[in-house]
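Let's take a walk through a protein together, one stop at a time. Have a look at the sequence and the 3D picture, and then we can begin.

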Amino acid sequence: MRLPNLLEHESLAEVKQQSSSWLPLLAKRCHSDTQVFLCSLFAPVCLDRPIYPCRSLCEAVRAGCAPLMEAYGFPWPEMLHCHKFPLDNDLCIAVQFGHLPATAPPVTKICAQCEMEHSADGLMEQMCSSDFVVKMRIREIKIENADRKLIGAQKKKKLLKPGPLKRKDTKRLVLHMKNGAGCPCPQLESLAGSFLVMGRKVDGQLLLVAVYRWDKKNKEMKFAVKFMFSYPCSLYYPFFYGAAEPH
């Protein structure tokens with residue numbers, strides 16, 4: 001492995017820390033060559049000269065994975081803009097499995113915002129990577145194009161992490177569940193009771209990152225909410241972002 005790598009990481013510790021935030025994207029299997037592309041950047045082969053991924057490889061992975069990232073409010077990062085990589089030639093890494101369909105993950109096709117980790121650590125990591133966290137009731141759900149809109153009840157909401165939310169945001173809380181119109185979400189089969197929702201504010205729109213049914217008897221959830229501000233978020237890098245600055 002060559003250091004510094006193609007993303008200018010200078011130590012194995014830095015490579016491990018930065019690359020770990022891309023593991024959720026690999027788990028989604030949005031493109032057959034995602035692992036090849038990321039490995040070529042994070043762990044390049046140790047030769048006299050760096051071997052870059054071809055531009056076509058970058059473009060293929062971006063086409064498959066960028067829509068999923070955008071559903072969480074993360075644009076394709078600047079460090080991975082495909083124009084930075086060479087046109088196809090014998091000295092760059094070309095598409096390997098792009099002619100094959102990406103293997104579907106061995107899980108149900110639940111909406112991405114609904115298949116989250118329910119351990120205390122998983123909850124707190126989601127809180128770290130979200131701009132805001134709210135305990136709320138949901139009055140109704142509407143379908144708008146390919147998205148699902150969660151419209152909060154006027155009352156019965158508690159801002160656990162207000163972040164960038166302004167008064168006008170909370171007065172009529174509307175969360176956009178990107179690409180959520182056609183996929184199942186077990187948590188939202190009934191709107192009775194309260195929900196723990198996490199999201200990001202992007203271009204004035206509130207994007208849903210994760211939704212959980214509020215369960216006051218759930219020890220993991222109680223622990224996460226109680227200690228969310230003492231969790232070491234400075235060590236956590238936002239979901240899908242390999243080069244973001246720590247919080």
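Our starting point is Glu144, which is partly exposed, with a relative accessible area of 35%. Keep in mind as you look around that this is a predicted model. Which residue does Glu144 pair with in a salt bridge? Its partner is Lys149, and the closest N and O atoms of the two are 3.4 Å apart. Lys149 has 16% relative accessibility, and because buried means under 20%, Lys149 counts as buried.

How many salt bridges does the whole structure hold? A search finds five, and two others are worth a visit here. In one of them, the side chains of Lys178 and Asp147 meet, with 3.3 Å from N to O. This pair links distant parts of the chain: Lys178 sits in the loop between strands E5 and E6, while Asp147 belongs to strand E3, and 31 residues separate them. Lys178 is partly exposed at 22% relative accessibility, whereas Asp147 is buried at 12%.

Another salt bridge joins the side chains of Lys201 and Asp169, at 2.8 Å from N to O. Lys201 is part of strand E6 and Asp169 is part of helix H6, so this pair ties together parts that lie 32 residues apart in sequence. Here Lys201 is partly exposed, with 23% relative accessibility, and Asp169 is buried, with 9%.

Now let's turn to helix H5, which spans residues 120-129. Why can we say that H5 is largely enclosed by the rest of the structure? Eight of its ten residues are buried, so the helix is largely surrounded in this way. Among these buried residues are Leu123, Met124, Met127 and Cys128. And what do the buried residues of H5 pack against? Their neighbours are strands E1, E4, E6 and E7, together with helix H7. You have already met E6 as the strand that holds Lys201.

Next, find Ser40 in helix H3, which runs over residues 34-42. Is Ser40 buried or exposed? With a relative accessible area of 5%, Ser40 is buried. Leaving aside residues up to four places away in sequence, Ser40 touches Leu6, Ile51, Pro53 and Ile93.

Our last stop is Met1, in the segment before helix H1. Met1 counts as partly exposed, at 43% relative accessibility. Together with Leu3 and Leu12, Met1 forms a nonpolar patch on the surface, and the three residues have about 280 Å² of accessible area together.

Terms used:
Residues numbered from 1 in each chain as written. Predicted model: local features only at pLDDT ≥ 70, side-chain atom pairs only at ≥ 80, totals over all residues. Heavy atoms only, no water. Buried < 20%, exposed > 50% of the residue type's maximum accessible area, 1.4 Å probe, protein only. Helix = DSSP H or I, 4+ residues; strand = E, 2+ residues; numbered from the N terminus. Contact = heavy atoms within 4.5 Å. Patch = residues over 30% accessible without salt bridge, like charges linked within 9 Å, V, L, I, M, F, W, Y side chains within 5 Å. Areas by Shrake-Rupley, 256 points an atom, 1.4 Å probe, with all protein chains shown as cover. Salt bridge = Lys/Arg side-chain N within 4 Å of Asp/Glu carboxyl O.
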